[in-house]
Amino acid sequence: MAPDPSDFDRQVFINCPFDDHYQPLLRSLIFTILDCRLTPRIASEDADSGLVRFEKIRGLIRACRFSIHDISRIEPLHPGDLPRFNMPFELGLDLGCRLYASGRLAGKQCLILERERYRYQRVLSDISGNDIRAHDGDTQTLISEVRRWLSVATAKDLPGGSHIWQRFNVFSTFLQASLTKAGFTTEEINTLETAEWIRRAQGWIHSTAAEQG
Amino acid sequence: MTREARLTQAIQRLSAMDRRKVIHVISDRDRWVVMRERAKRATRVLADREQAIDLARSMAREANGEVIVHRKDGTMQEWQVVRDGRLQTVYSYGEPRSSEV
């Protein structure tokens, strides 16, 4: 189901790395947002190659009250690589939108994630004083931190972090079992498009919602 | 049959089975949670991973069900199914061992 662009107060823009190492963290982040009955929005959610990436990012920032930025790739992933600047750049765009816009855009809220708690201060000291949370590269920690932030930002009663973590585990293997049973190879399972993964997670969360009460 | 149709059929078949017969062993910090799928609470929380797996296997044998052991990142490490009273591994360390699940 395509996100409803008018649903500003329920949409969460995700600005994070898209490399293979980050994939388990990305999936746990998306699942947490979905299990909190919010809508994740991410640049890779559609396959429209005709849309310039910058325009897509601009549209997503305007469409979402909430944003989650993971700037972990301020450190190169491998020796000899260069750091990735897209995430800090998009964080700047998002903060700028909140500062210079009026109306509902002035009420936007964001969470900044990093792998280590104070490392960003060495390369991005302008945001010192902001609430930066560390996940240590651990999926369960990421779920817990994102859930805690969402509960304050949305002022909603949300499921507990352990509960979301257990459901994420169960869904991950349910999808893997389904795909294996349908004849998908391990590589096809590991490289499932984000949009398809989101669709499957939404379906599973919806189908199990009644049991969760 | 298309890729989408195959997957939809597989999901429907898996959803139709009694998911409470699927026993999960899930990492929770330095502990291991043993829980039936779709249960609201864990059956047991144990400090020892092997004890947790043994308990899950014993529950699966009793229920003629399945055991799924998770890795620290939540993904599947091992998937075992009870057939004729014996546990058979159908998936381990990312390599499916059987498509007839």
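Okay, let's start with the cysteines: across all chains, the disulfide count is zero. Keep in mind that this is a predicted model, and every number I give you is computed from it.

So why is there no bond at Cys97(A)? The closest cysteine sulfur to that one sits in Cys64(A), and because the gap is 10 Å, that's too far for a bond. We were counting a disulfide when two sulfurs lie within 2.5 Å. Next, Cys110(A): its closest cysteine sulfur belongs to Cys97(A), at 11 Å, so again too far for a bond. And are these two buried or exposed? Cys97(A) is buried, at a relative accessible area of 15%, and Cys110(A) counts as buried too, with 16%.

Right, on to chain A as a whole. You've got seven helices and five strands, and if you walk along the sequence the order goes β-α-β-α-β-α-β-β-α-α-α-α. How does the radius of gyration of chain A sit against a compact globule? For 213 residues you'd want something near 17 Å, and chain A has 17 Å, so the two agree. Put a box around the C-alpha atoms, along the principal axes, and you get roughly 50 × 45 × 40 Å.

Inside that box, 53% of the 213 residues are buried. Take the contacts in chain A with a separation of 6 or more: 68% of them join residues 24 or more positions apart. As for the outside, chain A has an accessible surface of about 9,800 Å², and carbon and sulfur atoms account for 51% of that.

Now the bit I like, the packing. The largest nonpolar core has 45 residues, and the ones touching the most other members are Phe31(A), Ile68(A) and Trp197(A). Several elements each put in at least two residues, among them strand 1 (11-15), helix 1 (23-35) and helix 7 (194-212) of chain A, and strand 2 (31-36) of chain B is on that list as well. Which element of chain A gives the most? That's helix 5, with eight residues.

Let's zoom in on Trp197(A). Skipping neighbours within four places in sequence, what is Trp197(A) in contact with? You'll find Arg27(A), Ile30(A), Phe31(A), Phe168(A), Phe171(A), Leu175(A) and Leu192(A) around that tryptophan.

Last thing: there's a second, separate core of 13 residues, and Ala52(B), Ala56(B), Met59(B) and Val82(B) are among its members. Okay, that's me done.

Technical notes. Residues are numbered from 1 along each chain as its sequence is written. Chains are lettered from A and ligands numbered from 1 in the order in which they are written. This is a predicted model: local features need pLDDT of at least 70, side-chain atom pairs count only at pLDDT 80 or more; totals for chains, interfaces and linings use all residues. Side-chain values use heavy atoms; hydrogens and water are left out. A nonpolar core is a set of buried Ala, Val, Leu, Ile, Met, Phe, Trp, Tyr and Cys residues joined through side-chain atoms within 4.5 Å. Buried means under 20% relative accessible area, exposed over 50%, partly exposed in between (1.4 Å probe, protein chains only). Helices (H or I, at least four residues) and strands (E, at least two) are DSSP runs, numbered from the N terminus. Contact means heavy atoms within 4.5 Å. The radius of gyration is taken over C-alpha atoms; the globule rule is 2.2 Å times the number of residues to the power 0.38. Accessible areas come from the Shrake-Rupley method with a 1.4 Å probe; for residues, only the protein chains shown count as cover.
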